Amino acid sequence: MATRTRSSGGESLEAVKTRLSPPPLYKVVILNDDFTPMDFVVEVLERFFSLNREQATRIMLQVHNDGRGVCGVYPRDIAATKVEQVTSFARQHQHPLACIMEEN
């Protein structure tokens, strides 16, 4: 962006530096429940978060033991899409799996 300045010698353009801040990031979190099978949670983590079996199992165990597990950190639109995909997939398979997003 530039601003115009007038001086006795005519007009000149002066460069103005602007700083853009990165977009806020959101954590996608899966919540524990007593009904969704562990294997299904692992499948969700592999399918929607591109995790390998070991990473998915580690997060699934965190969900099971701690009541919640962070699946990834994304910009708002991507996080919202991930939440919708997981929730929709769980409902299609008749599981009450809850997935939420929280500001990082």
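**Reading salt bridges, strands and cysteines**

Author: The count of salt bridges here comes to four, where a salt bridge is a side-chain nitrogen of Lys or Arg within 4 Å of a carboxyl oxygen of Asp or Glu. This is a predicted model, in which local features need pLDDT of at least 70 and side-chain atom pairs count only at pLDDT 80 or more, while totals for chains, interfaces and linings use all residues. Residues are numbered from 1 along each chain as its sequence is written, and side-chain values use heavy atoms, with hydrogens and water left out.

Reader: Which residue forms a salt bridge with E54?

Author: R58 does, and the closest N and O atoms are 2.9 Å apart. Helices are DSSP runs of H or I with at least four residues, strands are runs of E with at least two, and both are numbered from the N terminus. R58 and E54 both belong to helix α2, four residues apart, about one turn of the helix.

Reader: Are R58 and E54 buried or exposed?

Author: The terms rest on relative accessible area: buried is under 20%, exposed is over 50%, and partly exposed is in between (1.4 Å probe, protein chains only). Both R58 and E54 are exposed.

Reader: Which side chain meets R53 in a salt bridge?

Author: That of E46, at 3.0 Å from N to O. R53 is exposed at 53% relative accessibility, whereas E46 is partly exposed at 24%.

Reader: What does a salt bridge between strands look like, and which residue partners E102?

Author: E102 and R68 meet through their side chains at 2.6 Å, N to O. E102 sits in strand β5 and R68 in strand β4, so the pair ties together parts that are 34 residues apart in sequence. E102 is partly exposed, with a relative accessible area of 23%; R68 is also partly exposed, at 34%.

Reader: In which order do the strands of the sheet come?

Author: Two strands pair if DSSP finds at least two bridges between them. Here three strands form an open sheet in the order β4-β3-β5, with antiparallel pairing. β4 and β5 are the edge strands, each pairing on one side only. Angles run from 0 to 180 degrees between N-to-C directions of axes, which are lines fitted to C-alpha atoms, for helices over the stretch in contact. Neighbouring strands of this sheet are turned by 25° against each other on average, direction ignored.

Reader: How many bridges link β3 and β4?

Author: Seven, between residues 25-31 of β3 and residues 68-75 of β4. L25 has P75 as its bridge partner in β4, and V28 stands opposite G72 in that strand. β3 pairs with β5 (residues 98-103) over six bridges, again in the antiparallel sense. There, K27 has E102 as its bridge partner.

Reader: Where does helix α2 lie?

Author: Contact means heavy atoms within 4.5 Å. Helix α2 (residues 53-66) lies across β3 and β4, and runs at about 125° to β4.

Reader: How many disulfides does a search of the whole structure find?

Author: A disulfide is a pair of cysteine sulfur atoms within 2.5 Å. The search finds zero. C71 is in no disulfide, and its nearest cysteine sulfur, that of C99, is 5.5 Å away.

Reader: Why is there no bond from C99 to C71?

Author: Because the sulfur of C99 is 5.5 Å from that of C71, its closest cysteine sulfur, which is too far for a bond. C71 is buried, with a relative accessible area of 7%. C99 is buried too, at 7%.
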